[in-house]
Amino acid sequence: MVSDRSEPSAARPRDDGEPTGFLHRRSIVAACLTAFLLAPVPLRAEISPGDLTLTVTPERNGNADPFSREMVLLRIHGVYRQAILLEEVIQPSLANFSWTQLGRDAWSKTRLPDGQVAIAFDRVVAIFPHHPGDFTIDPFIHRLTVNEGGKRVVVDVPSAPVNLPVATWTKPVGGPDAKEPWWLPAKDVTITDSWSPDPETVKLGETTRRIVTLEAQGLVAEGLPPRPVMRTRGILTFAGPVTRETLITPSGPVARATYQWDVRPAIDEVIPLDAIVIPWFDTVSRTLREAEIPARQIGGGLPDRDDEAKPIVPASPLLVVTAALGAFGLGLALIGVGTGRDVRRRRLDARTRRALRQAASARDARAFRAVLDPVLSGRPDLARAWQTQPEIAAGLAALDDSLYGQGPAAALDLPALDLPALARALARPVTVAPALAETRPRLAALDGRKAPSAAAPQARSATP
């Protein structure tokens, strides 16, 4: 049995070797504690039934019987009308459970229905059943030293036994006894994924650091899974340390684990990283759910933010003058001769790329199409360039076929819709061919009139 003893209001026996000033300060502290516990509570000549009560209440998730290794909170609450001089909690063995105390004991004042003021005691213990079965939690005992008629009396205040059935997992997949996946029962699970620098800007031989933070409500840190496996062709990964911590909140514990990798591309091409799925059991809705570390790509991109771009080094004045003269001469040559080419690079903005990745990670085809619609209508240059690339064209057709099931896509032998792969393909820069580029006249008309556009020939005016 586990016990912990404290003396909230009694001073320690005097030690003759201690200085007088120290004894004086210690007596002041003891007097303050005694005043907190004794002042609001009137001294009673004798202990009456109901003056000292202790209750243990199990907090079941979703008001259902827990499964093995699922956390159950035991809320221990005592109400005492008598003044407490010493106290000690004697805990039962809890042979079929692992357990941990959450936070420190709390002492406070409470007003009873009859208007009297009493002392309240609170402790929270988290228990984790080892296996299914019908268990009984033996009484907790609060051993109190009280003042009864001017005498110190030791009284044991027991709680009532608590019946706690532990259910057996009957679903065909998952569960506390399955080797895979990791059993993760929690009220909620959130994942935060951060990279430094952005993986799309990393080149061959450079390194980026990935940090994934996993938080689970209603769980202690020891219940979180080990570091996920991040392995794909073309990268070198160096796993960093794993940190775990348990945060105590008014609504219960929150477990947090931080996983870290250093990632280095080993080939000079775009490397896709697939999403990592982490299954977990929702203890509120009593259903299996999934959290996901989002898919990303390494290399083949531009900085997502302007502040990530490399600073521009100012050129020397001589170089500026030389470049200006060269540009002027080249401009005159282009006016007279023309290059015959207008090759341009086009790419989706960072916000749209992120929105596509999020929709792809959620496997939400409608959200993916909703993000893509403004681009297809507002960026015809990109839309035409995408149709020239078989991978993107097939992916867009498969997307429309999965949503609408009509049109030319329905008659094609399309591959299965892979939203993460389509998002990665759409995020790459594309080259707009001269025939697809938006053409404009290089010089305005000298008489001030608007020059005709190549895409919209000038209409002939009728002459009388």
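Which residues form one aromatic cluster? Phe67, Trp169, Trp183 and Phe281 do, and they make a good starting point for a walk through this structure. Before we set off, please keep in mind that this is a predicted model, in which local features need pLDDT of at least 70 and side-chain atom pairs count only at pLDDT 80 or more, while totals for chains, interfaces and linings use all residues. Residues are numbered from 1 along each chain as its sequence is written, and side-chain values use heavy atoms, with hydrogens and water left out.

Let us stay with the rings. A search of the whole structure finds eight aromatic pairs; rings of Phe, Tyr and Trp (its six-membered ring) pair if their centres lie within 6.5 Å, and planes under 30 degrees apart count as stacked, over 60 as edge-to-face and the rest as tilted. One of the pairs joins phenylalanine 97 and phenylalanine 135, edge-to-face, with 5.6 Å centre to centre and 70° between the planes. Phenylalanine 97 lies in strand β5 (residues 97–101) and phenylalanine 135 in strand β8 (residues 133–137), so this pair ties together parts that are 38 residues apart in sequence. Helices (H or I, at least four residues) and strands (E, at least two) are DSSP runs here, numbered from the N terminus. Phenylalanine 97 counts as buried at 7% relative accessibility, and phenylalanine 135 counts as buried at 9%. The cut-offs are these: buried means under 20% relative accessible area, exposed over 50%, and partly exposed in between (1.4 Å probe, protein chains only).

Two members of the opening cluster, tryptophan 169 and phenylalanine 281, also form an edge-to-face pair, at 5.5 Å centre to centre and with 80° between the planes. Tryptophan 169 sits in the loop between β11 (162–166) and β12 (185–186), whereas phenylalanine 281 belongs to strand β19 (residues 276–282), so the pair links parts that are 112 residues apart in sequence. Tryptophan 169 is buried at 16% relative accessibility, and phenylalanine 281 is buried at 1%.

The loop between β11 and β12 also holds proline 181. A cis peptide bond joins glutamate 180 and proline 181, with omega about -5°. A further cis bond runs from serine 196 to proline 197, with omega near -5°, and proline 197 lies in the loop between β13 (188–196) and β14 (208–217).

Backbone angles are also worth a look in the loop between β2 (52–59) and β3 (72–80), where asparagine 63 is found. Asparagine 63 has a positive phi of about 55° although it is not a glycine, and at 76% relative accessibility it counts as exposed. Arginine 69 is placed in the loop between β2 and β3 and has a positive phi of about 65°, although it is not a glycine. Arginine 69 is partly exposed, with a relative accessible area of 36%. Its charged end sits over the ring of tryptophan 182, 6.0 Å from the ring centre; the criterion asks for NZ of Lys or CZ of Arg within 6 Å of the ring centre and within 35 degrees of the ring normal.

For a residue in a strand, turn to alanine 126 in β7 (residues 117–129). Alanine 126 is buried, with a relative accessible area of 0%. Leaving aside neighbours within four places in sequence, alanine 126 is in contact (heavy atoms within 4.5 Å) with Met71, Val72, Leu73, Ser98, Trp99, Thr100 and Leu102. The C-alpha atoms of alanine 126 and leucine 102 are separated by 6.8 Å, although these residues are 24 residues apart along the chain.

Our last stop is helix α7 (residues 419–427), home of arginine 424. Helix α7 is mostly covered, with nine of its nine residues buried. What covers these buried residues includes β18 (271–273), β21 (296–298), α3 (350–361), α4, α5 (380–387) and α6. Arginine 424 is itself buried, with a relative accessible area of 12%. Not counting residues up to four places away in sequence, arginine 424 touches Pro272, Leu273, Asp274, Ala295, Arg296 and Gln297.
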